Protein chains: 4
Amino acid sequence: MPETLSTIVSPEGSLEVLSQSEVNRLRDTSTSGLHDLLRRCALAILNCDTPTDDGLAVMEAYKDFDIEVLQQDRGIRLKLSNAPACAFVDGRMIRGVREQLSAVLRDIVYVYNEIQNTPKFDLETNEGATNAVFHILRNASTLRTAQEPSMVVCWGGHSITREEYDYTKGVGYHMGLRGLDICTGCGPGAMKGPMKGANLAHAKQRRHGSRYLGISEPGIIAAESPNPIVNELVIMPDIEKRLEAFVRIGHGIVVFPGGVGTAEEILYLLGILMHPDNRDIPFPVIFTGPESARDYFQRIDEFLCYTLGEQVRRHYRIVVDDPITVSRLMRDGIQEVAEFRREQNDAFYFNWRLNIERGFQQPFEPTHEAMAALALHHDQPNHQLAANLRRAFSGIVAGNVKEPGVRAIAARGPFRLHAEPELMARLDSLLTSFVAQGRMKLPGSEYVPCYTLG
Amino acid sequence: MPETLSTIVSPEGSLEVLSQSEVNRLRDTSTSGLHDLLRRCALAILNCDTPTDDGLAVMEAYKDFDIEVLQQDRGIRLKLSNAPACAFVDGRMIRGVREQLSAVLRDIVYVYNEIQNTPKFDLETNEGATNAVFHILRNASTLRTAQEPSMVVCWGGHSITREEYDYTKGVGYHMGLRGLDICTGCGPGAMKGPMKGANLAHAKQRRHGSRYLGISEPGIIAAESPNPIVNELVIMPDIEKRLEAFVRIGHGIVVFPGGVGTAEEILYLLGILMHPDNRDIPFPVIFTGPESARDYFQRIDEFLCYTLGEQVRRHYRIVVDDPITVSRLMRDGIQEVAEFRREQNDAFYFNWRLNIERGFQQPFEPTHEAMAALALHHDQPNHQLAANLRRAFSGIVAGNVKEPGVRAIAARGPFRLHAEPELMARLDSLLTSFVAQGRMKLPGSEYVPCYTLG
Amino acid sequence: MPETLSTIVSPEGSLEVLSQSEVNRLRDTSTSGLHDLLRRCALAILNCDTPTDDGLAVMEAYKDFDIEVLQQDRGIRLKLSNAPACAFVDGRMIRGVREQLSAVLRDIVYVYNEIQNTPKFDLETNEGATNAVFHILRNASTLRTAQEPSMVVCWGGHSITREEYDYTKGVGYHMGLRGLDICTGCGPGAMKGPMKGANLAHAKQRRHGSRYLGISEPGIIAAESPNPIVNELVIMPDIEKRLEAFVRIGHGIVVFPGGVGTAEEILYLLGILMHPDNRDIPFPVIFTGPESARDYFQRIDEFLCYTLGEQVRRHYRIVVDDPITVSRLMRDGIQEVAEFRREQNDAFYFNWRLNIERGFQQPFEPTHEAMAALALHHDQPNHQLAANLRRAFSGIVAGNVKEPGVRAIAARGPFRLHAEPELMARLDSLLTSFVAQGRMKLPGSEYVPCYTLG
Amino acid sequence: MPETLSTIVSPEGSLEVLSQSEVNRLRDTSTSGLHDLLRRCALAILNCDTPTDDGLAVMEAYKDFDIEVLQQDRGIRLKLSNAPACAFVDGRMIRGVREQLSAVLRDIVYVYNEIQNTPKFDLETNEGATNAVFHILRNASTLRTAQEPSMVVCWGGHSITREEYDYTKGVGYHMGLRGLDICTGCGPGAMKGPMKGANLAHAKQRRHGSRYLGISEPGIIAAESPNPIVNELVIMPDIEKRLEAFVRIGHGIVVFPGGVGTAEEILYLLGILMHPDNRDIPFPVIFTGPESARDYFQRIDEFLCYTLGEQVRRHYRIVVDDPITVSRLMRDGIQEVAEFRREQNDAFYFNWRLNIERGFQQPFEPTHEAMAALALHHDQPNHQLAANLRRAFSGIVAGNVKEPGVRAIAARGPFRLHAEPELMARLDSLLTSFVAQGRMKLPGSEYVPCYTLG
């Protein structure tokens, strides 16, 4: 049984100055339906030294853990029971952990009270959803006016080889040397490597105030515990808003090898960039990995060309085994973004101009029925096919690691996906290659697919 | 005709990062019913070099002035037409003026959208009203967690003699030497002197980050233009919330000689401090002025004892002609406040513990009818009499300088107040002495009373 | 008898980390021949609230005052006996005063140990003297690499009319609004007004880190106590190095009305600027005052043209009663300086390029003999005549307010100056006008000339 | 052949504001006898990505490298020819490298001009030598007044096993979590691990302004290139002053496994701490390593007890395989140091009180003669034997990696050491164990001893 500790801590940042009514609401919120959500996210944060993508196992290991919001005259305190001891030094919580814990509470409460349960945002409209993303990011103080574009979003698998991990560090290092910041999904693997590399490079360049931004979601945070370098953490309510946050706050995107989650992100991104409204908006996208990943990207490239057409290649570039070239291309691409925004009088901190269609915004609930109903064929515009493929991959991620998905699979067996034959074959081949390369789970356990094709 | 200038400026601070919906709301708000309010407050800020308490005259002088909120992709711009030239240097707005202008816009829009027109705050309840005050102050970034208590609220007349003004500077200077910050109603006279003195003392003590907080209200800002030293400005929606802001954010209060406005403040403050719930809350209050003001404070003291009973004296101390003693007493008193808050685990930045009864919170609309109906007699508890006297003085201030009040008097003649005979006599004598001492208007013009007693 | 106080204080800044040998040297230095110098300068700093130009009177008033350097393991402490009470608040020295006191000790000891008594600087050479000026300024941390040119030196009398004083404040205010810093000789009158005005303007513009640099000398500091706004203080060892510091660190110069001291400064400045080597170095110089000073500047202008020739006019501009124009000209002139330095790859913080001939560097000891021997005639190049006239005025200043000069006059009667007839007449007329305008002493006392012409 | 690059860079920090004479001296110094020294040190800095302890090999690899100081009006520039390309990013020098390069130039020139060639410091006296150490550290801005004691000096080998290296990281990590800073000799191995661990911990604790201080010497810097985390670098002129700097600036010392260099440091440290004058000065010393190093420390412990007596054990503590205990002991020990200094009114930033005898200060030139003449027997006080053993180890380090030593050995064969028989045997056994454990050289090359015992 792991070592635990019970204590009371003060939150940080925006939770320090609260009105009486906010304290009440916070306490009520945390004891009502949100309590379980808060508890799970908090545990993911506190369990900071044990990298695992098995959220259920973590929950099991610390099943006595609990968190409670206490009201005190000067504000609130968080009462933790049986919390993982690794979050503390001699009884005091590590400050970075305390900040991340406060961020989790801040975002859960904000989303619940100010986004979901007010008439302010009509989340069913395009504008309402985007405004919600904007407000959550702003409330988390991630939108900064005084900064030149420098935010590179890095996507890729949490379960990658040592060689690939070292490669992501190398790319982060060379981007860091060139004054770029890093944003990822904030877990291990390709989400940690670039931050680690950039952190070293920033130290060498004596760059202060560097940003290591992690954007997570409650459904996956237990499987992708924020790494300790993350110094800004935002919890978006669902994967769709999380993806929108990435593309609106990032000035460029690097994609490392990954599994279905990465494939979901690629489909999402290219489906948006291919939209006619977005054609002329500069947005550097680079797929990269070590020599051993050459084949991986070739397969992705082929799959994309087959499904979305050759013109999809205009929107990304593949660079194999060359971190310096990646970092130079990214810096130059972001320079172009800066010039474009300046010309258009656009904000640097949020890409309002990007048109994201409703199909990419609507939360997709991956039930067996919804998965089975996905239209996976070419009798629809490219961006709609992209949106549906994105949903298919999203559902597989859920079946792999998100709690409700895992439970659904356990109860009713794998999802069944239907597609036109050629597409089916190619999808099958792609997914099989992910499994073969061990990109679906942490090394060690054998992967049992959560889907069948047919 | 005064020199004017038309231009477009960017706002500062919290108005820099806005969502599309906020921009729309801001633009709509500023063109709807709030436009005139915004225009008047903006003019008061821009007219920064011409100290006058005649708001109507200012409006008249710049009757072509206008302000418009423009939407731009990266945020909003403020379009100013025929603005007073004194707010600019070689065509660029002085930064402090720009900050104050942004503060005005921020507060007007916040109050309108987030306080008055949402179901969030039930302003009819005690808790709702206090929460509103808290939220407006927090939204203005005036609630700071990391600071030891140091905020001295200074009250007193805008129309005081040179000798009295120099005295307020002296008190501010000696308080500044002792590390205290200043909060006032942000106009001229006793609202400017202490800031000016403290500013010099802070420079001598190399004290950085000193606070010169001005709390105003739309109804009076035109007559009490923020002085240039004010580096934090908050516009509360009405005099009752403004007074509550003073007593909740201040750690001690110094009262200089003044007129009916000052009398209103004194009645408000003592009515609250005398409430049994507040008996044991330390709160240093000092009445002070130069030798020439000795008689003035004696009259106030007598009036207070007569109306509220001898025990009122427990709550204030009168110091004549001794700035050093005032500053030492204030520093020591605030030290006690700090210890008390620490013991009680209370916040330093907001005095939640103070019980302010509804009678002191409800906005009082000084119509002829309301004034005539005020119960001014001893057949009620002391704190109720204090509340009613506060309303009476408040009405006279409105009749003197607030636009609706001035118009009402012009239309229907002076307010008529009724009181029990002895109280009537004492009130008459007090008000007459204010007039005799020239405390009702700026020197030069003769005062025509806006009230009759009988 | 004035109130005094005895205490022990810690020094600030560069005196905080000393080696054992430095502590010894400091203690020895302060008890040896330098003790009296240190004592006098310290008293001038501590006597911060009593503006007087009568240094001897101050010494007399505080004749029991003493200062001693104590050694302690962690560094040094300063033991003060019978110090003016105005330098303290409740027994603690005002921080600004403590900084100025530390600056005095720092500079006296540095000059004595590192400039005068080492073989490092050959003060008899041009390069050695300039290097000494540079090192004293750098040791005082006044040379800053990261700043754009913005330093305006303001010269003018300590004894000026209220109207003139207000005018200097106005000029400082408008220069401050335009982002300029102020450097003066750090006493009262025209040395304080521009700082005071700029300070207010900097507050309005929310300009942080503004510089109010005072450059003094031991001989005159008692008569020109640093005003409290001065936040950087440097004590140069003699008037010649002080003048060189002004012209090498300043990016432009404003001359207000003054007496012989101001005349000395003008002659020094123009003698240098007229040198052929300096012809093409941009250096904005503006003579300015209120309407009442028009006649004053006309006389100066005539005297300069007569003595140095019409071409002297290319180096200055006279602006009467127009602070805004002065501030615009100065800002534009300094902009030119910045461009020139950038083109030449010159430092912003020190004007190395300016050629200052030995005649302007050599300390002039104004004995009766030296004064009588000055060659005041046109049979020499213009810049030599300028240098000699500078010396003549310098001697008169010494006779007026510097201790050795005052004692010499007391002992041997007025200095006798010889000049060619026409020059004599014009000099007489100029000096007489200074006396008539009360520019030689503080108002109140009648001026007894310390010179005769003939 | 390695990639190189030729360019001109500006120095950083204290070299930015120089007088003409300083520029001249710098240029002259760098072209005179110091040029080779400067060139070698600069190359060590620039060769930042190739960890090797073979200084001669580095020199050989970049034999075309050169550095020249150029004079420019605004200061100096450094002209680099054929510099290692790894110090640059797209042609711009990495800022951390530029800072370290400037530090090297700063210290070489300072030592040469202000320490060695002035009458100011009598380096032959105890006080003079200590003052020199103090002045070099202060000139490098390492003495900070506002900081609580927190500096842990970490000693240990540059050539250690991966397991040992990871252990040093672990200790650094846990000390970093507890708010401690790290100072080392600034090379690889045990000099880098603790910094790396602390750096991660400081990031987790959001600790800003953390210090990673490297203290090197010209003779060894080529073999111990500063690792990139070092953000303060000081080059002391010889090993004796380097060792004195460690013990005067550090508040505690952790010793990891190492070779003769580490043994030299241990002898130096204990020789000083055992001096009667230093008995009561708290100074926490911990020997620590992973389980595999248990035997190593047992041998050291035995050797120390045999040579210096049992009472030596009072001054250190051995902790095996327990980073958390090490970090807690160190934090508590430093807390004691802070209290002691406070009580004694001692400086935090420099341990003046420690008595270091001349025997430990005098530079030891390890010639064959000097080595042969060392008195290694018990017929002398313990601290003298410690001093001589320190010299013996120092000579072996020189023979291993310092250029003159290596050349001397190449020319004349191994150093011959004489000792009394039992001591000889124990020394032999200790040194042999170092060789056996591979602690004398980088793994890979076989060690050929530079000494013989007999």
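Here is a short chat about how the chains and domains of this predicted model meet.

Colleague: Happy to look at this with you! What kind of axis relates chain B and chain C?

Modeller: Let's start with the superposition: chain B lands on chain C after a rotation of 180° with 0.0 Å of shift along the axis, at an RMSD of 0.0 Å. That is why the relation is that of a two-fold axis.

Colleague: Nice. Which residue of chain B has the C-alpha nearest the axis?

Modeller: The axis in question is the one for the 180° rotation that superposes chain B on chain C. At 4.7 Å from the axis, the nearest C-alpha in chain B is that of B:His208.

Colleague: And which element gives the largest share of the side of chain B that touches chain C?

Modeller: Contacts join 13 residues of chain B to 13 residues of chain C. Two elements of chain B, helix H4 (95-116) and helix H7 (193-204), give two or more residues to that side. The largest share is three residues, and it comes from H4(B).

Colleague: Now over to chain A: which helix supplies the largest share of the side of domain 2 that touches domain 3?

Modeller: In chain A, domain 2 spans 135-344 and domain 3 spans 362-453. Across their boundary, 27 residues of domain 2 are in contact with 28 residues of domain 3. Helices H8 (218-221), H9 (239-249), H10 (260-273) and H11 (294-308) of chain A each supply at least two residues of the domain 2 side. The largest share, eight residues, comes from H10(A).

How values were computed
Residues are numbered from 1 along each chain as its sequence is written. Chains are lettered from A and ligands numbered from 1 in the order in which they are written. This is a predicted model: local features need pLDDT of at least 70, side-chain atom pairs count only at pLDDT 80 or more; totals for chains, interfaces and linings use all residues. Copies are superposed by least squares on the C-alpha atoms of residues with pLDDT of at least 70 in both. Two residues are in contact if their C-beta atoms, placed from the backbone, lie within 7 Å. Helices (H or I, at least four residues) and strands (E, at least two) are DSSP runs, numbered from the N terminus. Domain bounds come from an automatic or database domain assignment.
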